[in-house]
Amino acid sequence: MATVNIDGDTLVVEIEGLDKLWALKSRLAIPLANVRGATADAGIAHEPKGIRTPGAYIPNVITAGTFHLDGEKVFWDVHDARKAVVIELADERYARLVIEVDDPRATVKLIESAI
């Protein structure tokens, strides 16, 4: 699971607990200028993930880490797809972040109001 905050002009994603180990990341900081938008998307868990490098993938249990699909890098940290939020990025290492949060609607609202 992750928490999302806005710190000035930066979107900050903090990876929590053991997910830091599985995802091999503890924090992502993205300039708001590079955030295109966010959506709550429970169905994304059923889409192809691509090649995992590095990270963890156990179907229906955890998807965490960096995945390469169609020439793009996507960061995942999801256990419960019902709580997934997709953050679309531009001019960043990752094309999108797919993260699990406590309250997807509130997280999307926070991001959309900040950009």
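1. Starting with D91, since this is a predicted model and a loop residue is a fair place to begin looking. D91 is exposed, with a relative accessible area of 74%; the cut-off for calling a residue exposed is over 50%, so the label fits. D91 sits in the loop between β8 (84–89) and β9 (96–100). Have a look at its backbone too: phi is positive, about 55°, although D91 is not a glycine.

2. D70 deserves a look alongside it. Here again phi is positive in a residue other than glycine, near 55°. D70 belongs to the loop between β6 (62–69) and β7 (72–78). Buried or exposed? D70 is exposed, and its relative accessible area comes to 73%.

3. Another backbone spot to check is the peptide bond from T53 to P54. That bond is cis, and its omega is near -20°. As for where this falls, P54 is part of strand β5, which covers residues 51–58.

4. Now the sheet at the start of the chain. In what order do the three strands of this open sheet come? They run β1-β2-β3, with antiparallel pairing. The edges are β1 (2–7) and β3 (27–31), each of which pairs on one side only. From one strand to the next, the twist averages 20°. As a reminder, strands of a sheet pair through backbone hydrogen bonds, either parallel or antiparallel.

5. A closer view of one pairing in that sheet. Strand β2 (residues 10–15) is joined to β3 by five bridges, and the two run antiparallel. If you want a residue pair to find by eye, T10 stands opposite P31 in β3.

6. What packs on this sheet? Helix α2, made of residues 104–114, does, and it touches β1 and β2. The direction of α2 makes about 25° with that of β1.

7. Last, the surface. Which residues form the nonpolar patch? They are L18, L21 and W22, and together they have about 330 Å² of accessible area. One of them, L21, is in helix α1, which spans residues 19–23.

8. To recap what I would pull up on screen: the positive phi at D70 and at D91, the cis bond from T53 to P54, the contact of α2 with β1 and β2, and the patch of L18, L21 and W22.

Definitions and conventions: Residues are numbered from 1 along each chain as its sequence is written. This is a predicted model: local features need pLDDT of at least 70, side-chain atom pairs count only at pLDDT 80 or more; totals for chains, interfaces and linings use all residues. Side-chain values use heavy atoms; hydrogens and water are left out. Helices (H or I, at least four residues) and strands (E, at least two) are DSSP runs, numbered from the N terminus. Buried means under 20% relative accessible area, exposed over 50%, partly exposed in between (1.4 Å probe, protein chains only). Two strands pair if DSSP finds at least two bridges between them. Axes are lines fitted to C-alpha atoms, for helices over the stretch in contact, and angles run from 0 to 180 degrees between N-to-C directions. Contact means heavy atoms within 4.5 Å. Patches are made of residues with over 30% relative accessible area and no salt bridge: like charges are joined within 9 Å, nonpolar side chains (Val, Leu, Ile, Met, Phe, Trp, Tyr) within 5 Å. Accessible areas come from the Shrake-Rupley method with a 1.4 Å probe; for residues, only the protein chains shown count as cover. A salt bridge is a side-chain nitrogen of Lys or Arg within 4 Å of a carboxyl oxygen of Asp or Glu.
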